Amino acid sequence: MTLSGRDSQATTEIDRSLVGSASEPFVVEVEKGAIRRFAEAIGDPDPRYRDRTAAQAAGFPDIIAPPTFPVTFRSPEEPVWTRYLDRRRILAGGQSFEYVRPIRCGERLVCRVHFVAVEEKSGRSGRMEFLHQEIRGATEGGEPVFVHRRTTVYRAARVEKRQ
Amino acid sequence: MPSYEVGETFELDRGPVTTVQLVMYAGASGDFNRIHYDLPFAQEAGLGGVIAHGMLTMGFAGQLLTNWAGPRAFVKAISARFVSSVRPGDTVRLRGTVTAIEPVAGASIVSVDFTGAVQDREVISGAAKMAFPA
């Protein structure tokens with residue numbers, strides 16, 4: 001589906017009954033071109049993100065990925081707890097990444113998205129919900145590599161519509 | 001290994017952020033929320049114009065850390081909170097401060113707090129742990 005397309009039957013509110021669910025596992029192949037494009041997009045010229053020789057000279061077995069690279073790891077189907085949310089109401093709240101070691105070019109990572117919690121808070125601009133998710137990634141042999149925690153701010157629906 | 005001590009600070013300026021960069025980031029990250037490149041959509045969302053992906057600013061913070069720590073170190077952990085929006089034209093000044101150093105199995109783990117600001121307005125704040133091999 002497209003990001004703006006929505007099932008007209010579905011609510012755009014967060015379904016709290018889904019807290020505690022996890023996506024099906026999905027495999028991400030860490031590609032050299034994807035790492036390079038990501039490094040270019042953030043404007044980071046670090047040679048370890050592009051050149052195997054430079055990465056090896058620094059003590060890594062292959063090209064490594066920037067620390068925020070797991071944002072590119074998307075499940076083939078968007079998880080049902082975020083699928084129907086109104087994109088105009090979504091803001092990034094905070095993110096964290098924890099590593100056993102850097103992600104390497106050429107590896108296959110088995111990832112799963114977990115819906116951890118929802119909190120409600122009142123801010124300057126009204127009621128907001130904070131949606132907490134965790135993406136865990138491991139090698140196919142089961143060795144953990146990273147945990148990516150993300151908080152999404154979901155603003156209350158606007159009452160009046162400006163045109 | 002670079003020398004480092006508690007209280008040491010380091011800086012990196014990144015910007016000005018451009019709309020082209022936001023489109024590149026959307027493509028590279030797969031985050032195609034239109035608030036980052038579609039002006040009427042962002043205005044209708046009440047944002048007063050397009051805003052940068054918070055994760056782009058966090059990418060700058062990653063660069064602050066790895067630039068300072070050198071090629072042999074890696075980011076063991078990084079967390080950030082997005083305090084206010086970055087917009088096209090903004091330059092973000094990032095600043096890190098070493099808060100702790102602990103030896104772990106022959107390596108060192110160096111804790112860092114960081115912030116990023118556009119002029120005097122804070123846009124991001126966070127913390128990280130860098131692993132330096134022995």
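1. How many residues does the hairpin use to join S3(A) to S4(A)? The link runs through two residues. Note that this is a predicted model.

2. The two strands of that hairpin are S3(A), residues 108–123, and S4(A), residues 126–139. Their pairing is antiparallel and takes in 14 bridges. One facing pair to look at is A:Cys111, which sits opposite A:Gly137 in S4(A).

3. S3(A) has another partner. Strand S1, residues 26–29 of chain A, pairs with S3(A) over four bridges. The sense is again antiparallel. Here A:Val28 faces A:Leu109 in S3(A). S3(A) thus appears in both pairings, with S1 and with S4(A).

4. Now the overall layout. Chain A holds three helices and five strands. Read from the N terminus, the order is β-α-α-α-β-β-β-β. The three helices therefore follow the opening strand, and four strands come after them.

5. On dimensions, the C-alpha trace of chain A spans about 60 × 35 × 30 Å along its principal axes. The chain has 163 residues, and 47% of them count as buried.

6. Contacts next. Take those in chain A between residues at least 6 apart in sequence: 69% of them join residues at least 24 apart.

7. The surface of chain A comes to about 8,400 Å² of exposed area. Carbon and sulfur atoms supply 49% of that.

8. Last, charge. Chain A carries 27 positive and 23 negative side chains. The centres of the two sets are 5 Å apart.

Methods: Residues are numbered from 1 along each chain as its sequence is written. Chains are lettered from A and ligands numbered from 1 in the order in which they are written. This is a predicted model: local features need pLDDT of at least 70, side-chain atom pairs count only at pLDDT 80 or more; totals for chains, interfaces and linings use all residues. Side-chain values use heavy atoms; hydrogens and water are left out. Buried means under 20% relative accessible area, exposed over 50%, partly exposed in between (1.4 Å probe, protein chains only). Contact means heavy atoms within 4.5 Å. Accessible areas come from the Shrake-Rupley method with a 1.4 Å probe; for residues, only the protein chains shown count as cover. Lys and Arg count as positive and Asp and Glu as negative; His and the chain ends are not counted. The place of a charge is taken as NZ of Lys, CZ of Arg, CG of Asp or CD of Glu. Two strands pair if DSSP finds at least two bridges between them.
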